[in-house]
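Here are a few exercises to work through with the model open in your viewer. Try each task yourself before reading the solution.

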Amino acid sequence: MSEPKDPGKPDLSKAEPPSDVPEPVPAWKAIMQGLGPTGLALRIGSPLLALLISLVITMILLRATGADPFSSVQSMIDYGTTENSIVDIVNRATRYYLSAVAVAIGFRMALLNIGVDGQYRLAAFLAAALGGAITLPAPLGQLLVIAAAMVVGGVWAAIAGVLKVTRGVSEVLSTIMLNAIATGLIAYLLNDQRLAELRPGSNNVATPKIPEDGRVGSLNGFLSSIGIDLPGAVYGLLPLAIVVGIVFWVVINHTRFGFDLKVSGMSPSAAQASGVNARRMIVYTMVASGVVAGLIGMPELLGASHEYSLNFPAGLGFTGITVALLGRNHPAGIALAALLFAFLDQTSDVLQEVDVPKEIVGVMQGVVVLTVVIVYELVRRWEIRLQQRTVAAELATGHDLAREARGSTGSAS
Amino acid sequence: MPEQVPAVRLTSITKRFPGVVANRDVNLTIERGEVHALCGENGAGKSTLMKILYGMQRPDEGAIEIEGEQVTLRTPADAIGRGIGMVHQHFKLADNLTVLENVILGAEPRTWFGGIDFAAARARIEEMSRAYGLSVDPDVLVETLGVGKRQRVEILKVLYRGARVLILDEPTAVLVPQEVDELFGNLRELRAEGLTVLFISHKLDEVLAVADTISVIRRGTTVATRLDPREVTSRRLAELMVGSELPTPELRDSTVTEDVQLDISGLTVLTPEGRPVVDDVSLRIRRGEIVGLAGVEGNGQTELIEAIMGIRHADAGTIRFLPGGVGGRSPTMTRGGDDITHWATRKRREAGIAYIPEDRHRHGLVLEGTLWENRMLGHQTQPPNVRGPWIDRRGARRDTTRIVQAYDVRTPGIDVPAAALSGGNQQKLIVGREMSGEPHLLIAAHPTRGIDVGAQAAIWDHLRQARADGLAVLLISADLEELIGMSDTLHVIYGGRLVAEVDPRTVTPEDLGSAMTGAGDDSGDSSGDGSGAGS
């Protein structure tokens with residue numbers, strides 16, 4: 001089309017070999033992999049712009065439901081910044097964060113791990129049963145439970161990976177079905193005849209309580225030592241989520257494995273030609289995603305509930321998909337997205353007080369994700385065109401790394 | 001030529017794209033009933049100019065006159081309405097339709113009842129075929145036709161829509177020499193019938209053979225117009241095109257050693273249906289030797305190189321590879337080496353096999369990645385890109401800068417995405433990357449396709465230098481001149497088999513072309529969309 005051409009350099013060959021006009025990355029792929037603008041200003045500007053747009057849309061929605069948008073938002077903010085809410089928001093965000101990182105690992109190489117939900121529930125359940133059954137001295141019990149959860153999550157995800165590379169089964173289908181199987185398996189095992197026990201005085205069934213020694217205390221002691229006093233208990237495993245985020249970032253950006261992963265996601269054919277074993281990468285990635293998924297339930301299990309019961313938080317795996325999309329697969333972006341989602345979920349109750357149905361929060365979350373995704377994709381496309389023009393323009397004006405280094409301006413032709 | 005209004009007259013055409021000027025003050029007159037050749041290098045602005053004439057781009061300045069009448073062409077439909085037709089380099093045909101159906105597609109004659117009037121269409125096509133000597137059976141499926149015949153269908157399509165001026169964009173790029181001769185015969189018949197042909201090419205011998213008039217475009221502007229082919233030499237044209245002397249692919253002294261670097265024997269690759277696409281191929285490449293592989297695209301070259309790289313699974317046969325550093329190992333054994341038939345691609349790359357893939361966008365680059373990330377591609381386990389399991393960003397970046405400078409990759413920096421570079425510069429980056437790290441064997445598929453003459457000469461220089469240092473090279477190219485000039489040994493592949501070995505010092509492109517079509521059996525060539533890029 002109107003690809004810029006440069007008359008000064010006869011080396012701009014256009015459409016001569018079969019594929020000289022690169023096919024643009026399809027939007028769905030770019031969105032899934034979190035491709036976005038690369039310039040720093042745009043990376044900060046785009047989400048701000050997107051959030052601003054979604055705020056405006058949300059306000060219009062609130063107005064349409066008959067509420068006063070400003071006072072509704074104001075009451076959400078007021079409620080969301082109370083100390084009690086902050087603790088809940090942070091805890092919620094921790095769960096969302098781990099879930100979103102698990103999803104993002106798959107996204108990075110164009111694998112849709114829909115099965116994070118089943119992986120974390122099965123992992124939390126089996127790890128809870130294990131933790132409740134045995135008593136070990138302080139650090140060992142916790143480590144054993146966490147390790148067991150990681151193994152279960154990894155194995156459950158590996159099934160989908162192996163099916164994909166050996167039988168060509170789409171990971172979307174297999175993980176959705178594995179979710180259903182996990183649900184059935186937990187329902188079967190969460191029974192007082194098997195791995196669980198009835199809670200007296202209620203219809204709840206739960207795994208045996210993890211003994212005192214095997215629990216992780218809250219972070220409040222540490223927080224008050226640095227001058228932050230909060231009423232509720234902040235998950236003691238909050239630092240684990242931070243570590244997972246850092247490890248994720250380091251692996252993706254600074255290791256060979258991460259490079260292979262990124263390349264496989266961006267261009268499977270180029271990755272294969274470069275020597276990446278695509279089949280092995282699929283299995284590894286699914287396992288890594290499942291291992292992180294196994295951690296999702298740990299802060300709650302070891303820090304708050306100490307058992308897996310019918311009341312254990314469910315559906316986090318699906319929230320993780322949206323949070324990963326919103327956070328652009330970037331560890332820091334995911335953290336902000338997780339906090340935003342947790343804030344919206346936490347403050348949904350207060351909307352009822354101003355006569356707005358709390359379900360509108362779900363609409364808000366959808367609006368935010370759609371806006372961010374669309375804005376990013378538009379900005380990304382705009383930036384690519386801009387870069388192509390800049391490169392052509394800089395070359396046209398003789399700003400050229402190769403020639404500058406030689407210190408001559410002689411043309412090659 | 002008759003003194004009358006010209007078929008097409010372009011006056012002061014200027015077309016700017018943001019930041020650059022693609023065409024600058026182009027003046028071109030094309031008389032009725034002539035074959036007018038427009039030459040220029042890749043990227044000189046030929047395509048843009050033709051797109052302007054075909055209504056795909058609007059000029060910023062200047063005027064287009066057709067048959068003496070000033071016109072504004074907004075869309076290709078306008079151009080077709082004015083009698084201008086374009087035959088694209090890459091055919092736009094529906095394989096599963098017949099020739100007849102393809103020709104009338106989108107311009108179907110109607111019967112009174114609203115159905116398609118096939119009888120009328122057939123009559124017209126047969127009449128046109130006869131009149132212009134374009135013999136094609138209207139009822140065969142296009143998928144059964146060879147490249148040359150498909151091109152005829154494209155020409156018929158354009159004529160069917162009433163074109164009086166035909167633009168042919170690099171029509172010979174996909175043809176073997178015999179097909180080129182047939183095409184030229186057709187063009188002469190079209191001219192005899194009073195049609196005007198605008199022939200775009202950078203292959204000078206062809207231009208001189210077929211054109212009545214030649215115009216040269218360089219850096220977006222016409223540097224010579226209406227040259228008489230009887231009065232101009234190919235060297236003069238080349239100088240006009242590039243503004244300097246034209247490099248030629250050639251090897252001087254033989255550097256071929258006795259050490260067999262790669263020894264393929266009985267290699268067979270089957271399709272999923274069990275049909276051999278590479279059939280019992282045995283091939284030896286010695287250190288310091290460039291082995292050329294000639295063949296019409298789609299005859300097993302792709303599968304062969306992918307089997308050598310371990311991207312494709314070999315169904316039979318062995319591949320042996322001599323390990324060790326250049327000059328490092330004592331040459332006690334000339335036979336032997338490691339059996340790498342079942343090695344993974346990465347292990348082969350680490351052992352010193354470099355690979356310039358034929359499709360740089362699908363296999364050679366990650367377009368969204370930066371240049372330095374692309375420099376790591378295929379070498380992401382080797383220094384200077386990594387240290388242990390860690391990526392060495394500084395090392396990779398430094399070496400990227402080195403490649404950019406040594407291979408004259410035109411870029412303002414190494415942090416731009418590969419997609420922002422032009423095709424030629426992307427190719428230079430790939431060649432530079434694959435030549436680094438002292439490889440022992442280079443699999444080069446179309447290493448100079450789509451790049452300018454200067455860079456082509458530079459890549460040939462690098463190949464010659466590496467060959468002198470003992471590199472073994474398997475060269476695949478659609479540019480027969482490059483293949484003949486740069487090969488020590490030249491094999492012909494046809495239908496997945498090595499059918500002939502020819503001496504590159506004595507063979508002519510014509511002989512090679514006939515060997516490539518299966519030595520006389522010229523009906524069975526499968527479809528290919530290869531293109532030659534050399535000049």
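**Exercise 1. Work out whether the radius of gyration of chain B agrees with that of a compact globule.**

Start with the length: chain B has 535 residues. For that many, a compact globule would come out near 24 Å. Now take the value for chain B, which is 25 Å, so the two agree. Keep in mind that this is a predicted model. As for the box, the C-alpha atoms of chain B fill roughly 75 × 50 × 45 Å along the principal axes.

**Exercise 2. Describe how chain B is built and how much of it is buried.**

First, count the elements: you'll find 17 helices and 22 strands in chain B. Next, look at burial: 60% of the 535 residues count as buried. Then turn to the contacts with a separation of 6 or more: 69% of them in chain B are between residues 24 or more positions apart. Finally, the surface: about 20300 Å² is accessible, and carbon and sulfur atoms hold 47% of that.

**Exercise 3. Find the salt-bridge partner of D95(B), and decide whether each of the two is buried or partly exposed.**

Step one: the partner is R150(B), with the closest N and O atoms 3.2 Å apart. Step two: place them. D95(B) sits in the loop between β6 and α3, while R150(B) belongs to helix α5, and 55 residues separate the pair. Step three: check the cover. Buried means under 20% relative accessible area. R150(B) has 9%, so it's buried. D95(B), at 35%, is partly exposed.

**Exercise 4. Explain what the salt bridge between D139(B) and R122(B) ties together.**

Begin with the distance: N to O is 2.7 Å. D139(B) lies in the loop between α4 and α5, and R122(B) lies in helix α4, so the bridge ties together parts that are 17 residues apart in sequence. What about exposure? D139(B) is partly exposed at 44%, and R122(B) is partly exposed too, at 28%.

**Exercise 5. Locate R287(B) and D259(B), and say whether they are buried or exposed.**

These side chains form a salt bridge, 3.7 Å from N to O. Look for R287(B) in the loop between β12 and β13, and for D259(B) in the loop between α8 and β11; they are 28 residues apart. Both residues are buried.

**Exercise 6. Count the charged side chains of chain B, then the salt bridges over all chains.**

Chain B carries 60 positive and 76 negative side chains, and the centres of these two sets are 6 Å apart. Over all chains, the structure holds 36 salt bridges. In chain A, a network of them links E377(A), R380(A) and R381(A).

Key
Residues numbered from 1 in each chain as written. Chains lettered and ligands numbered in written order. Predicted model: local features only at pLDDT ≥ 70, side-chain atom pairs only at ≥ 80, totals over all residues. Heavy atoms only, no water. Helix = DSSP H or I, 4+ residues; strand = E, 2+ residues; numbered from the N terminus. Rg over C-alpha atoms; globule rule 2.2 N^0.38 Å. Buried < 20%, exposed > 50% of the residue type's maximum accessible area, 1.4 Å probe, protein only. Contact = heavy atoms within 4.5 Å. Areas by Shrake-Rupley, 256 points an atom, 1.4 Å probe, with all protein chains shown as cover. Lys, Arg positive; Asp, Glu negative; His and termini not counted. Charge placed at Lys NZ, Arg CZ, Asp CG, Glu CD. Salt bridge = Lys/Arg side-chain N within 4 Å of Asp/Glu carboxyl O.
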